[in-house]
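Open the structure in your viewer and keep the selection tool at hand. This tour moves from the whole chain to single residues.

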Amino acid sequence: MNMDCAAFLQVVLAALLWRFAQSRGSDLYEAQETEYKTSYDAYSNLKEETHPPHPFHFGYDVLDEHGNKLQRQEQGDQHGNVKGSYGYVDAHGVYRQVDYVADHSGFRAVVQSNEPGVANEDPADVKLTAKSPPAHVLEQQYTKIEHGYSDPKLYLKAASKPVYRETTY
């Protein structure tokens, strides 16, 4: 066999192998496409189940080893209305209590707190009642460190009131 004939046979063999590989890949792709289409069609034909709301009630009240108290209560009725509260009181007497309602009129909350930096402002549908923090918390907040190390202190910066702009489409 001369050299030209061997090179020709190698080119033909490579072309046949390439064609065989292409046809096998095409069959595999078509099989995968069919498999996915079948599973997608089966999924898309499922009807979304809807369940009416059921009354519920849960809650917890926890006191940790440091004297911090956490609590939450929530209840819902058969119409989907939800009413609840959550809050905490830390070991220094700083507290936040949130009472809320979510019903056909939307979400509304009443917040009572004596956290430093909280002001009597009512953002959105929230009624916020701020009270003065315990005196020792205020003293600790404004105490300057003269020298050496001391216990970490809580420094709070008052947040600015958000600005809401009406958007037209």
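The stops below go from the overall fold to the sheet, its hairpins, one buried glutamine and the aromatic rings.

**Stop 1: the whole chain**

Show everything as a cartoon. Keep in mind that this is a predicted model. The protein chain has 2 helices and 6 strands. Trace it from the N terminus and the elements come in the order α-β-β-β-β-β-β-α.

Now switch on a surface. The protein chain exposes about 14,400 Å², and carbon and sulfur atoms supply 58% of that area. Of the 169 residues in the protein chain, 13% are buried. Take the contacts in the protein chain between residues at least 6 apart in sequence: 14% of them join residues at least 24 apart.

**Stop 2: the sheet**

Select the strands. They form an open sheet of 6 strands in the order β1-β2-β3-β4-β5-β6, and the pairing is mixed. Go to the edges next. β1 (56-63) and β6 (126-130) stand there, each with a single partner strand, so one side of each has no neighbour in the sheet. Look along the sheet for its twist, which averages 5° from one strand to the next.

Before picking out side chains, recall one rule. In a regular strand, side chains alternate between the two faces of the sheet.

**Stop 3: β2 against β3**

Select residues 69-76 for strand β2 and residues 82-89 for strand β3. β2 and β3 run antiparallel and are joined by 8 bridges. Pick R72 and find its bridge partner in β3, which is Y86. The C-alpha atoms of Y86 and R72 are 4.1 Å apart, although 14 residues separate the two along the chain.

**Stop 4: the two hairpins**

Add residues 95-103, which make up strand β4. β3 and β4 run antiparallel, with 8 bridges between them. Zoom in on G84: Y100 in β4 stands opposite. Then follow the chain round the turn. β3 and β4 form a hairpin with 5 residues between them, and G93 in that turn has a positive phi of about 95°.

Continue to residues 106-113, strand β5. β4 and β5 also pair in the antiparallel sense, over 8 bridges. Select D99 to find V110 of β5 opposite. This hairpin, formed by β4 and β5, has 2 residues between the strands.

**Stop 5: Q71**

Go back to β2 and select Q71, which lies in that strand. Is Q71 buried or exposed? Its relative accessibility is 13%, so Q71 counts as buried, the cut-off being under 20%. Show side chains and draw a distance to Q97. A polar contact of 2.9 Å joins the side chains of Q71 and Q97.

Now expand the selection around Q71. Leaving out residues up to four places away in sequence, Q71 touches Y60, D61, S85, Y86, G87 and Q97.

**Stop 6: the aromatic pairs**

How many aromatic pairs does a search of the whole structure find? The search gives 3. Start with F56 and F58, whose rings are stacked at 6.3 Å centre to centre with 20° between the planes. F56 is partly exposed, with a relative accessible area of 34%. F58 is also partly exposed, at 33%.

Move on to Y86 and Y100. This aromatic pair is tilted, with 6.1 Å from centre to centre and 50° between the planes. The pair links distant parts of the chain: Y86 sits in strand β3 and Y100 in strand β4, 14 residues apart. Colour the two by accessibility. Y86 counts as partly exposed at 40% relative accessibility, whereas Y100 is buried at 7%. Add F107 to the selection, and you have one aromatic cluster of Y86, Y100 and F107.

**Stop 7: around Y86**

Stay on Y86 and show the residues around this tyrosine. Which residues is Y86 in contact with, leaving aside its neighbours within four places in sequence? They are Q71, R72, R96, Q97, V98 and Y100. Several earlier stops come back here. R72 is the bridge partner of Y86, Q71 and Q97 share the 2.9 Å polar contact, and Y100 is the ring tilted against Y86.

Note on methods: Residues are numbered from 1 along each chain as its sequence is written. This is a predicted model: local features need pLDDT of at least 70, side-chain atom pairs count only at pLDDT 80 or more; totals for chains, interfaces and linings use all residues. Side-chain values use heavy atoms; hydrogens and water are left out. Helices (H or I, at least four residues) and strands (E, at least two) are DSSP runs, numbered from the N terminus. Buried means under 20% relative accessible area, exposed over 50%, partly exposed in between (1.4 Å probe, protein chains only). A polar contact is a pair of N or O atoms within 3.5 Å; within protein, one must be able to donate a hydrogen and the other to accept it, and residues adjacent in sequence count only if both atoms are side-chain atoms. Contact means heavy atoms within 4.5 Å. Two strands pair if DSSP finds at least two bridges between them. Rings of Phe, Tyr and Trp (its six-membered ring) pair if their centres lie within 6.5 Å; planes under 30 degrees apart count as stacked, over 60 as edge-to-face and the rest as tilted. Accessible areas come from the Shrake-Rupley method with a 1.4 Å probe; for residues, only the protein chains shown count as cover. Axes are lines fitted to C-alpha atoms, for helices over the stretch in contact, and angles run from 0 to 180 degrees between N-to-C directions.
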